[in-house]
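Hi everyone, thanks for coming. Today I'd like to walk you through some ring contacts and a bit of empty space. Let's put the structure up.

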Amino acid sequence: MPRVAVIEDDLPTSNQLKGWIEAARPGIQVDQWFSRDAAELAVAREQYDVITLDIELGRERHAGVALINAINKRGGTPVLVISAMPATLYRSIMRALDAWDYLQKTTFEEADFVDTFLEILRASKDLRSAPLAAAAAPDDELSLDPLRQRTPIWRGSRINLPLTAQRILDTLYQRRGEVVSYEDLYEVVKSGRNRDNIRKHVSTIREAFKEIDPAFDSIENVPMRGFRWVSLPIAGRQAR
């Protein structure tokens with residue numbers, strides 16, 4: 001049975017997350033830790049399948065950063081960060097920390113948390129039971145590893161994206177050259193199945209790419225229909 005650690009100093013929030021996890025996966029073991037010291041001892045001692053944690057623990061504003069670094073040194077257990085800090089400010093930090101996903105407190109509901117948590121849990125199980133997926137061919141611009149969805153690679157640099165955005169990116173890239181309709185993209189999102197939400201996710205994808213490649217423009221908007229991944233030579237992209 002999977003084992004999960006909830007690292008959160010606020011007792012009501014910790015109990016809420018624990019309750020959501022147990023309701024989603026009956027019988028799962030959930031350990032609760034409320035301080036950096038206790039959590040550090042636990043992650044060094046136990047083998048968790050998923051860890052959720054807050055960046056701020058008590059008076060330590062960046063305790064979660066130290067914990068993620070410690071977790072990654074021990075093999076990189078998937079970490080879901082749940083913090084009150086605005087998600088838009090944490091994108092570059094998340095990439096550096098190698099956390100799997102980020103949820104901003106007060107902005108998500110139980111269904112959003114459960115969908116994200118279960119997807120990470122499934123990916124964690126796959127990582128433990130299967131060898132790493134083969135690397136992309138050397139001439140591929142984008143490398144997507146289905147078992148390590150937190151680490152899509154664009155020209156040698158890792159891209160930090162939420163899981164829903166990664167699913168959209170994977171769909172666009174797998175069907176590159178084709179128009180992917182809004183209706184097709186609705187199939188890969190768990191909630192918010194409307195055009196405005198899809199456009200927001202695509203905007204997030206573009207911003208994440210442009211953080212490491214300011215000239216990125218491989219995702220084309222097709223008015224009234226959807227989006228298309230367009231692969232162009234570097235020279236051609238610059239000419240545009």
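Let's begin in helix α5, which covers residues 110-129. F113 and F117 sit four residues apart there, so about one helical turn separates them. Keep in mind that this is a predicted model. How do the two rings meet, stacked or edge-to-face? They are stacked, with 5.9 Å centre to centre and 15° between the planes. Both F113 and F117 are buried.

Now compare that with Y173 and W229, which form an edge-to-face pair at 5.1 Å centre to centre, with 85° between the planes. Y173 belongs to helix α6 (residues 163-174) and W229 to strand β11 (residues 226-229), so this pair ties together parts that are 56 residues apart in sequence. These two residues are buried as well.

Y173 has further company. Along with W154, F209, F216 and W229, Y173 makes up one aromatic cluster. R176 lies over the face of Y173, 4.1 Å from the ring centre. Across the whole structure there are 12 aromatic pairs, and I've picked out two of them for you.

On to the empty space. Rolling a probe the size of a water molecule over the atoms shows where such space is left. How many cavities of 30 Å³ or more turn up? The count is one, and the volume of the largest cavity is about 70 Å³. Its lining includes V43, Y48, I51, R74 and T77. By class, that lining has five nonpolar, four polar and two charged residues.

That's my tour, thanks for listening!

Notes: Residues numbered from 1 in each chain as written. Predicted model: local features only at pLDDT ≥ 70, side-chain atom pairs only at ≥ 80, totals over all residues. Heavy atoms only, no water. 1 Å grid on protein atoms, 1.4 Å probe; cavity = no way out; pocket = protein on both sides within 12 Å on 5 of 7 lines; lining within 4 Å. Points joined across faces, edges and corners; volume = space filled by probe spheres on them. Nonpolar A, V, L, I, M, F, W, Y, C, P; charged D, E, K, R; others polar. Phe/Tyr/Trp six-rings, centres within 6.5 Å; stacked < 30°, edge-to-face > 60°. Helix = DSSP H or I, 4+ residues; strand = E, 2+ residues; numbered from the N terminus. Buried < 20%, exposed > 50% of the residue type's maximum accessible area, 1.4 Å probe, protein only. Lys NZ or Arg CZ within 6 Å of the ring centre and 35° of its normal.
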